[in-house]
Amino acid sequence: EQLSPYWDDAIDKYFDRPSDDIFNNITYPLYHRNYIIQKNQPTNGIYYIDKKNRFVKKRQKEILVRFQHLTIEQSESFFYQQLLLRLPVNNEADLKNSYPTYKAHFEAKYPAEFSLTLNHVQNSMQSNIQKYTKNYQNLIDKLITSLHTNLQHIIRIQLFNLLQQPNPSTNLSSILFSEDQYKIFNILINNWGQRNNSKHPYFFLTGSAGTGKSFITQQIVNFLTKKNIKYLLMAPTGVAAKNIDGQTIHSALHIRNTQVYFETLSYYNDQQKKELSQIKAIIIDEVSMVSSAFLSFISSLFAKIHKNSLPFGGIPTLLIGDLAQLPPVNGKQVFFAPEWLEFFPLFLTTSHRQCEDMLFYKILQEIRVGKLSPQTISLINEKVLSYQSSVTSIDTSYICGFRHDADSINNLICGFLPTSNNDTSSGSLISMAVDHINNNKCEPKECNKQFKHYTNLPSELIIREGARVMFLTNKLFKEELCNGSIGIITKIIDENRIEVVFPINSEINQIIVEKITAYFNMNGIPAQRTQFPLQNAFALTVHKTQGLTLPHATVSLDEQMFANGQAYVAMSRAKSWKNLEIRSFNPNAIRVDNEMLQELDRLQQKYNTLQSKYIS
């Protein structure tokens, strides 16, 4: 009986080949092409006996042997196969040859080939970025030709600064993984799955700002897509969802908040229920902003729909985020959820956003855990001393702890913007909200303290051509505009309509923004506010910036930073130390949550103890 080289144990047969000298330097494909492996002793000719006492006989004619098609996207499996196809080895240890990964061995063994591939990927990405940037510049030039001359420069600068670099999207982009990204990616593609498949369903991917969490997310999504695994990619806010090309949790799961609990239509809508019952993987980004009660609600929703009492109905779930960033606005932190204990942590530790500025990365790491070295304190004080006190620059984003400080800066900068001609009223107006409580009109400033808990529409909006604004709803999410998208006012049509341009990937989305009305109940009394769904955005509160990467940021590290994690989030919005200005500094502004630090320690200990289960 002949044993097929196509069987799953073909590699084991190769490792167990006879010890005769002629087999010492034979590779895996050559062995199976040239030799028959069988259980019964041949009746004639020369034959050999392998380590499992099977009979090995040379074929009269070499055959064609098929191999599983793997690409570099399969990561370690790909490099394992490449080494197996090229090198004569006796076991899997030989394939690694004391290197930490198969990739590392391949890179050392075939440096020219690896370097050529790496250069190809990098050059391809650089070419795409250049095309992307050039196309965007052309769109800006085309847009501003129709604007008043004194506005062209202001709008050009701001739009160019708002350009977000594209994420690497080539099929070979996984070759760009840092060592920790590569290890984590392989853990996930090999170990993340349902328990009945001998895998672990629950992982938590974490790391400080700029360590590449979004990049890993993109690669995992690509992997799921190639495997035809139906997944749900979600985040708690519009900006966070847009960053990963996902959906908001509320939209994806048809959830709405009441004052005291969450509710969903998915239990009662057969079509929605059917769609969610087909989900085979769940990914939730920016999970630090999800409360423990909300995570438990999502878990129970899937448990009920999938009729499985396990967390999330037993569906493989990947949580992503940084616990040191801002906690949820309402409720306890996510790690107080009972389901949280099921999640195995994976740590990213290499900076990518600040990769060319390791000093800045080190400073952020100290801010993150609230332990500042004398060197960091000295560097921050130097920043404060060198700060130019002019608060009218349009080249930066001012990040404030309090809304009223942001409002003051926005008023000041908008006041310095040029008008379209000598008429000071031209190209400028102030839009006051129209508020009603129980159908009775009231003054916005009087209602604002109560209304801010029910609507994010501002009581007052300065509308001026050239002003930077933030969009405040997710109603245009399909057009890639969300709550948090930043744009520039280019034209005031009338008191109820303005033209705003928003950078969307490499495009510029030019839309007419009209006033909307938010309806809500306030202690059982009907109320409403009518206003443009915009807020001024030269200056923003820390909460509004979470999830954003800003080209330049200006922060005040003083009593404005009143909550845990605010200083860390504010500073980490900038890409580099050079592009960060610090107006003031009080070490007491660096606030961290001790319970969060204890949880990070627990997660690290869990990883140290159990990591061997997931690393081959």
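At what angle do helix H8 and helix H9 pack, and how far apart are their axes? The points below take up this pair and then the other helix pairs, sheets and domains of the predicted model.

1. Helix H8 (residues 179-191) and helix H9 (residues 213-226) pack at an angle of about 35 degrees, and their axes are 11 Å apart. The crossing of this pair is right-handed. On the H8 side the contact is made by Gln181, Phe185, Leu188 and Ile189, and on the H9 side by Phe215, Ile216, Gln219, Ile220 and Phe223. Divided by class, the residues of the H8 contact with H9 are 7 nonpolar, 2 polar and no charged.

2. The protein chain is divided into domain 1 (9-68), domain 2 (177-352), domain 3 (355-426 + 538-591) and domain 4 (432-535). Domain 3 is thus given as two segments, 355-426 and 538-591. Between the C-alpha centres of domain 2 and domain 3 there are 30 Å. The contact between these two domains involves 20 residues of domain 2 and 16 residues of domain 3.

3. Helix H14 (residues 358-369) packs with helix H15 (residues 374-386) at an angle of about 110 degrees, the axes being 10 Å apart. H14 is therefore roughly perpendicular to H15. Leu359, Lys362, Ile363, Glu366 and Ile367 of H14 make the contact with Gln375, Thr376, Leu379 and Ile380 of H15. The class count for this contact of H14 with H15 is 5 nonpolar, 2 polar and 2 charged residues.

4. Helix H6 (residues 111-144) and helix H7 (residues 149-161) have axes that come within 10 Å and cross at roughly 155 degrees. The two helices are therefore roughly antiparallel to each other, and their crossing is right-handed. From H6, the residues Thr133, Tyr136, Gln137, Ile140, Asp141, Leu143 and Ile144 meet Gln152, Ile155, Arg156, Leu159 and Phe160 of H7. In the contact of H6 with H7 there are 7 nonpolar, 3 polar and 2 charged residues.

5. An open sheet of 5 strands, with antiparallel pairing, has the order E21-E20-E19-E18-E24. Its edge strands are strand E21 (507-514) and strand E24 (534-536), each of which pairs on one side only. On average, and with direction ignored, neighbouring strands of this sheet are turned by 40 degrees against each other. Strand E20 (residues 497-504) pairs with E21 in the antiparallel sense over 8 bridges. Within that pairing, Ile498 has Val513 in E21 as its bridge partner. Helix H7 packs on this sheet and touches strand E18 (468-471), strand E19 (486-494), E20 and E21. The direction of H7 makes about 145 degrees with that of E19.

6. What is the strand order of the open sheet of 4 strands? The order is E16-E15-E23-E22, and the pairing is antiparallel. Strand E16 (440-442) and strand E22 (516-522) are at the edges with a single partner strand each, so one side of each is left without a neighbour in the sheet. The average turn between neighbouring strands of this sheet is 25 degrees, direction ignored.

7. Within the sheet of 4 strands, strand E15 (residues 434-437) and E16 pair in the antiparallel sense over 3 bridges. Asn440 in E16 is the bridge partner of Ile437. Helix H17 (residues 444-451) lies across E15, E16, E22 and strand E23 (525-531). With respect to E15, H17 runs at about 65 degrees.

Key: Residues numbered from 1 in each chain as written. Predicted model: local features only at pLDDT ≥ 70, side-chain atom pairs only at ≥ 80, totals over all residues. Heavy atoms only, no water. Axes fitted to C-alpha atoms, helices over the stretch in contact; angles between N-to-C directions. Parallel < 35°, antiparallel > 145°, perpendicular 65-115°, else oblique. Left-handed = near helix turned anticlockwise from the far one by under 90°. Contact = heavy atoms within 4.5 Å. Nonpolar A, V, L, I, M, F, W, Y, C, P; charged D, E, K, R; others polar. Pairing = 2+ DSSP bridges. Domains from an automatic or database assignment.
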